[in-house]
Every structure is written in C-alpha cells, then in structure tokens.
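Biologist: Could you take a close look at one part of this model for me? I'd like to hear about the charged side chains and who pairs with whom.

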Amino acid sequence: MATGWAPDGAVQDQIDDTIADAVNRARHAMPKGESAEECIECDEFIPDARRKAVPGVKLCISCQNMRDKQPVFTGINRRGSKDSQLR
C-alpha cells in the first residue's frame with residue numbers, strides 16, 4: 001500500500017499513540033490520596049464501601065454520575081485527514 005510521505009506502520013503508530021494518550025489521561029483522572037467522608041459538591045455522606053473501593057474518592061455516586069456525563073475536550077485532534085497527519 002502506498003502511503004506517500006509516511007513511513008511503513010505510521011497509521012498503526014498513530015493508533016497506538018491515541019490509545020496510550022487515552023490510558024494516560026484516564027490514569028491521571030483517577031482519584032488519589034485519602035477519601036473524603038462527605039461529597040465535596042453536595043455534602044452527602046460517602047458510604048464506607050465506596051471509599052474503600054475507590055481510594056481518594058471525593059464525590060458521591062450521584063455527583064460522580066453527573067460529572068461523568070459532561071463532555072471532556074482534550075485538545076488533541078487525531079481524527080483529521082490521513083494526508084494532513086502522515087506528511
């Protein structure tokens with residue numbers, strides 16, 4: 001397959017980089033440290049089971065669900081045309 005200016009395997013390298021970035025972003029987004037006893041947004045008590053299951057948790061389940069529904073913009077666009085990315 002002719003790829004123009006791109007070296008062999010460039011498309012797979014791009015896919016691998018996208019996955020690695022997503023994994024790193026998810027790891028950095030995980031809570032760290034000591035778990036809060038009360039939600040930082042609504043002041044509801046966070047059950048012991050949740051605090052043990054998610055170390056460093058700061059939100060109750062309902063506030064976490066609301067936060068998870070909000071879109072996250074990363075600022076990285078790897079979905080443009082192949083020609084613009086592989087040159």
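Modeller: Here is a walk through the salt bridges, starting from one arginine. Keep in mind that this is a predicted model. The structure holds 3 salt bridges, and Glu37, Asp48 and Arg51 are linked in a network of them.

Let's start with Arg51, which is found in helix H2 (residues 48-53). Arg51 counts as buried because its relative accessibility is 19%, and the cut-off for buried is under 20%. Beyond its neighbours within four places in sequence, Arg51 touches Ser35, Ala36, Glu37, Ile46 and Val57. Its side chain also reaches the backbone oxygen of Ile46, at 3.5 Å.

Now for the partners of Arg51. Asp48 makes a salt bridge with Arg51, with the closest N and O atoms 2.1 Å apart. Asp48 and Arg51 both sit in helix H2, 3 residues apart, or about one turn of the helix. Asp48 is partly exposed, at 40% relative accessibility. On the other side of the network, the side chains of Glu37 and Arg51 meet in a salt bridge at 3.9 Å, N to O. Glu37 belongs to the loop between H1 and H2 while Arg51 is in helix H2, so this pair ties together parts 14 residues apart in sequence. Glu37 itself is exposed, at 52%.

There's also Glu41 with Arg67, whose closest N and O atoms are 2.5 Å apart in a salt bridge. Glu41 is in the loop between H1 and H2 and Arg67 in helix H3 (residues 61-69), so that pair ties together parts 26 residues apart in sequence. Glu41 is partly exposed at 46% relative accessible area, and Arg67 is partly exposed at 40%.

Technical notes. Residues are numbered from 1 along each chain as its sequence is written. This is a predicted model: local features need pLDDT of at least 70, side-chain atom pairs count only at pLDDT 80 or more; totals for chains, interfaces and linings use all residues. Side-chain values use heavy atoms; hydrogens and water are left out. Helices (H or I, at least four residues) and strands (E, at least two) are DSSP runs, numbered from the N terminus. Buried means under 20% relative accessible area, exposed over 50%, partly exposed in between (1.4 Å probe, protein chains only). A polar contact is a pair of N or O atoms within 3.5 Å; within protein, one must be able to donate a hydrogen and the other to accept it, and residues adjacent in sequence count only if both atoms are side-chain atoms. Contact means heavy atoms within 4.5 Å. A salt bridge is a side-chain nitrogen of Lys or Arg within 4 Å of a carboxyl oxygen of Asp or Glu.
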